[in-house]
Structure formats: C-alpha cells, structure tokens
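Please read the following briefing alongside the sequence and the coordinates.

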Amino acid sequence: MSSVQELFKVTFWGVRGSIPCPGAETVRYGGNTPCVEMQVGGKRLIFDGGTGLRVLGQSLMSQLPVECHVFFTHSHWDHIQGFPFFTPAFVPGNRFNIYGAVAPNGATIKQRHHDQMLHPNFPVPLQVMQADLKFYNIEPGKTLHLDSVAIDSAKLNHPGEAVGYRVSWRGRSVAYVTDTEHFPDRLDPNVVGLAQDADVLIIDAAYTDEEYHSPKTSKVGWGHSTWQEAVKVAKAAKVKKLVIFHHDPLHNDEFLDHIGEQVAAQFPNSTLAQEGKSIVLLPEDDKPTQNDSETVPVSA
Ligand SMILES: [Zn+2]
Ligand SMILES: [Zn+2]
C-alpha cells in the first residue's frame, strides 16, 4: 500500500451545478454543488467551495489540525456557498491558503468571501473564522508551485469569468475545468491547453447538445458546455480519462445514467462525477503500466 505522500487522490464532494438539489431523484450522483479535493504530493488541495465543502469540512474535523490550499474558479453562488459552513475554518490552529483571480469588477477573492458573509444575507462575518486564512490573488496563465506540485491555470469562457486549473505531480496530471462554455466554431485553446494529455479531465458538461440548442429554452450564453463538446475536447487533447461534471439540477439519476452511456459510447474511459467517489493515481515513475487508475468509494 502506497503512503499518502505517494498518491494522487481526487475526491468528489460536490458535483452539481447552479443550485443544490438534494432528493430521492438525485441521491446517487449527489445534490451538492462543486467541491473537489485533491490529495497530492503530501498536500491537500480543494477546488471550489460549493455546498460539498461543508461535507468535506465535517470529514476534516477528525484530522485536525489541517492545512489546505483552496482554489476558486469564480464566485458564483454554487462555488462559494459552502465556505461559510466550512467548520474547520472556525477552528484556531488550522490554516487555509485561498486562491482566486481578481474579478472583472476588481473584487478580490477575499473581498467576495467577505461580502457573502455580511448582514443581512448571513449572520456570521468572515472575521469570526479563527483559522489562519491567507488569501492570494492568482494571475491565470502563471504556474504556481507547492513543493513538488505544480498548478497551471487559464481563463474560461463564462459570464463574469472563471478560471480552470491543472494540477501536475510526478508525471501525473488532473485538469479541473468548470464553468466554461464552448465556442460555436472551434475548441477553446485555454481548455484544450489545460487538458492536453491529462490523466484525468474533469469538465463542465451541464447540458446535452439538444438542451443547449433548444429553440424554446436555449442555454446559449449561459456559460456551460455539453457532454458532446466535452468529448470533443477529451479527444483533441488526448486525455486518458474523461469525467463529466457540473451536472444540471434538472438531470435526475436516471437521466445522468443515460448521458453516461452515451458518453462512454464515444469515449470509453469516461465517467460521470459522483459525490463521495474518488479516483486514485499512482505517480508515473512508480509504476510502468498505464492500468493504475481506479474508482474507489470513500467513507464519507
Ligand atoms: Zn457553477
Ligand atoms: Zn458560474
């Protein structure tokens, strides 16, 4: 058994886009909004703080003190609403390094977290969080290094802008690309760049092509892509495993099963992100075969 230091483990705590949608119809894939944890090179990285972050926080409470690096794609509600309920942030002795790009209106990631916790919308201000919180403004396109872990980033096509990330470590790489809308006539070079030859591509595919182009309820300009476009990116970028993410709240488990079958018919090494599931990668230099990716349940 490899130690935690030698693994690259990706765990899905929230996979739903736009708004939480708990209930019997969504119980298998999950109703929490985006939060993906990556344990890599002895570091704990968290991508987005949707309502899935609350659940991750509860799991971290048995492992205190913790230090995490939390990366935000942007600050639409579905990506930040878990943060005020992230219990470890209220506990002294924990440390959270929080990263995000400055929004087009000039607001930093710190300002946006501060604002969402103000009266009368929320009763507990950011200052009440007793953990050591450090905020960093990132510049998309510049690589960030955390010891042996490299984090690349790029701007995505989304209302108000979003940032996609790619995490690389010892020959392995996982791209986290949400929320992003494809272009009508070409693949987004920023998306393909983040995804290029990645072991795992986690990508926004909220809609089907049919829904996206529906004459009555068109989703054009809403900032999200389709599973058909996700498959195009995965093929063009030669990714090894495709993970469909940011599921539309209107898509129940049965509908998502159906999407999963259609995606797999075009890209066999694919899956739909599912709350509570993990993907484990071993470092490339540790194992010569390619058959080292697996999906395993986690206790949460
Ligand atoms: Zn979103
Ligand atoms: Zn968004």
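How many of the residues of strand 2 (residues 35–40) are buried? Six of its six residues are buried, so defined by a relative accessible area under 20% (1.4 Å probe, protein chains only, with over 50% counting as exposed and anything in between as partly exposed). This is a predicted model, in which local features need pLDDT of at least 70 and side-chain atom pairs count only at pLDDT 80 or more, whereas totals for chains, interfaces and linings use all residues. Residues are numbered from 1 along each chain as its sequence is written, chains are lettered from A and ligands numbered from 1 in the order in which they are written, and side-chain values use heavy atoms, with hydrogens and water left out.

**Strand 2 and its partners**

- C35, E37 and Q39 point one way from strand 2, while V36, M38 and V40 point the other way, and all are buried.
- Strand 1 (residues 8–14) runs antiparallel to strand 2 and is joined to it by six bridges, with F12 standing opposite V36; strands are DSSP runs of E with at least two residues, helices are runs of H or I with at least four residues, and both are numbered from the N terminus.
- Strand 3 (residues 43–47) is also antiparallel to strand 2, through five bridges, where two strands pair if DSSP finds at least two bridges between them, and R44 in strand 3 is the bridge partner of Q39.
- The hairpin of strand 2 and strand 3 has two residues between the strands, and G41 takes a positive phi near 55° there.

**The zinc site**

- The zinc ion (ligand 1) has as protein donors D78 (OD), H79 (NE2), D179 (OD) and H246 (NE2), at 2.1 to 2.2 Å; donors are N, O and S atoms within 2.8 Å of the metal (3.2 Å for Na, K and Ca), and sites may look incomplete because water is not among the atoms.
- D179 bridges this ion and the zinc ion (ligand 2), the two lying 3.6 Å apart.
- D78 in helix 2 (residues 77–80) and H246 in the loop between strand 12 (241–245) and helix 7 (253–266) are 168 residues apart, a pair that links distant parts of the chain.
- D78 is buried with a relative accessible area of 6%, and H246 is buried with 1%.

**The whole chain**

- The protein chain contains seven helices and 15 strands, and 53% of its 300 residues count as buried.
- Along its principal axes the C-alpha trace spans about 50 × 50 × 40 Å.
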